[in-house]
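This report looks at how two chains meet, beginning with one pair of helices and moving outward to the whole interface.

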2 protein chains.
Amino acid sequence: MTTDPAPLDFYFDFASPYAYLAAMRIDDLAAGHGRSVRWRPIMLGAAMKVTGSRPLMQIPLRSDYLRHDVVRFARRLGIPFAFPPEMPIPTLAAARAFYWLQDDEPDLARRFARAVFEAHFGRGEDIREPSQVAAIAAPLGVDGAALVAAVADPVVKDRLRAETDAAIARGVFGAPFILVDGEPFWGADRLDQVDAWLRGGW
Amino acid sequence: MTTDPAPLDFYFDFASPYAYLAAMRIDDLAAGHGRSVRWRPIMLGAAMKVTGSRPLMQIPLRSDYLRHDVVRFARRLGIPFAFPPEMPIPTLAAARAFYWLQDDEPDLARRFARAVFEAHFGRGEDIREPSQVAAIAAPLGVDGAALVAAVADPVVKDRLRAETDAAIARGVFGAPFILVDGEPFWGADRLDQVDAWLRGGW
């Protein structure tokens, strides 16, 4: 009996445009090496408290660079990009909805996460309200009222908090952050290194 | 009469291990596109004041990642890496010595800069004292006493300050930071993008 290799852990916050860039590539990249991906939204703000940092959009010079770089990067990857009306925004609703979906239907959860990213950064839509998240999930067959109720459920809230704490305990401090058999890679610009690592012989 | 294309601007601080990784590649990369490189050491601390950040080695989680990542990255590039006894250290002496050399002998200045990086991160030597910098420059034929005098010269000090201010005014906030005809790229992990940009058709 052979054992399937462990999935890659893909940590992200729906508020990160660089996480969006990675999200659009990571599944295909992993599949090219016979690997799957475990998507893991976290609340990046909690990690930022540990590192004493703050959103790039609030930092002089870095915010200008981000605005230029992320558009250029998306163009290079050939994926659509549009700035949402505000950046970053709280993404609790989307992250909680993800974990609510995940245990029973992991594949649906991943398709939901992609749809959220595509709405937020592919089309520049706001995604902060539970109703907005429900509208994104509706075409996937997710019941809107159930989703809105779930993101207010203390059990679901605790789950996101626990996932975030566990991520920080594993050294995750930014997004996207990818663990390949425990090997950490931070940044959308490291996906080529993830690819090389999976190829082996590094 | 044809005009040579402008050189790439390569901004760095000798204290940055990621700048070392880029420094070992940037000249060859540019040469592959018929371009030269203008090396420009700056005092990264001044840029960090603008962005409100601090050295990665002082930041929880990020320091652990850096220690792991930079060794792995150097291995991938096939270049030697050794941690200096302390990181980061003040690099005023080396940066001032660079500009002192540069106006008269730009090629010597670049070879000096590479030698400083190789000492600090290739062999893990301390480079903070003018005498240490002079010892690195000696095999290149640089007079040690003149170098030690130069790094205390107010004109040379002002030059480094002016270069740093000018870099920040151009949006430089980290190291390595590369400007290709004004197009900004931050990070050793973006050299492949610099290469693609120089190839054109992005």
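In this predicted model, helix α9(A) and helix α3(B) lie roughly perpendicular to each other, because an angle of 65 to 115 degrees counts as such and these two helices pack at about 70 degrees. Their axes are 13 Å apart. From α9(A), the residues that make this contact are A:Gln193, A:Ala196 and A:Trp197, and they meet B:Asp69, B:Arg72, B:Phe73, B:Arg75 and B:Arg76 of α3(B). Sorted by class, the contact of α9(A) with α3(B) has four charged, three nonpolar and one polar residue.

Helix α3(B), which spans residues 62–77, also packs within its own chain, where its axis and that of α1(B), residues 17–31, come within 10 Å and cross at roughly 10 degrees. That angle makes α1(B) roughly parallel to α3(B). On the α1(B) side the contact is formed by B:Pro17, B:Tyr18, B:Leu21 and B:Arg25, while α3(B) brings B:Leu66, B:Asp69, B:Val70, B:Phe73, B:Ala74 and B:Leu77. The residues of this contact divide into eight nonpolar and two charged, with no polar ones. B:Asp69 and B:Phe73 are thus listed in the contact with α1(B) and also in the contact with α9(A).

The table sets the two helix pairs side by side.

| Helix pair | Angle between axes | Axis distance |
|---|---|---|
| α9(A) and α3(B) | about 70 degrees | 13 Å |
| α1(B) and α3(B) | roughly 10 degrees | within 10 Å |

B:Asp69 has a further role in the contact between the chains, since its side chain meets that of A:Arg190 in a salt bridge with an N to O distance of 2.7 Å. Between chain A and chain B the count is six salt bridges, and 16 residue pairs, both members at pLDDT 80 or more, are in polar contact across the interface. On the side of chain A that touches chain B, the elements that give two or more residues are α2 (44–51), α3 (62–77), β4 (183–186) and α9 (191–199). Of these, α3(A) gives the most, with eight residues. By class, this side of chain A has 17 nonpolar, nine charged and five polar residues.

Taken as a whole, the contact draws 31 residues from chain A and 31 residues from chain B. About 3000 Å² is buried between the two chains, and carbon and sulfur atoms give 55% of that area. In chain A, the residues that lose the most area to chain B are A:Leu61, A:Tyr65 and A:Trp202, which together account for 22% of what that side buries.

Conventions:
Residues are numbered from 1 along each chain as its sequence is written. Chains are lettered from A and ligands numbered from 1 in the order in which they are written. Side-chain values use heavy atoms; hydrogens and water are left out. Axes are lines fitted to C-alpha atoms, for helices over the stretch in contact, and angles run from 0 to 180 degrees between N-to-C directions. Helices (H or I, at least four residues) and strands (E, at least two) are DSSP runs, numbered from the N terminus. Angles under 35 degrees count as roughly parallel, over 145 as roughly antiparallel, 65 to 115 as roughly perpendicular and the rest as oblique. Contact means heavy atoms within 4.5 Å. Ala, Val, Leu, Ile, Met, Phe, Trp, Tyr, Cys and Pro count as nonpolar, Asp, Glu, Lys and Arg as charged, and the others, Gly among them, as polar. Buried area is the accessible area (1.4 Å probe) that two parts lose on being put together, summed over both. A salt bridge is a side-chain nitrogen of Lys or Arg within 4 Å of a carboxyl oxygen of Asp or Glu. A polar contact is a pair of N or O atoms within 3.5 Å; within protein, one must be able to donate a hydrogen and the other to accept it, and residues adjacent in sequence count only if both atoms are side-chain atoms.
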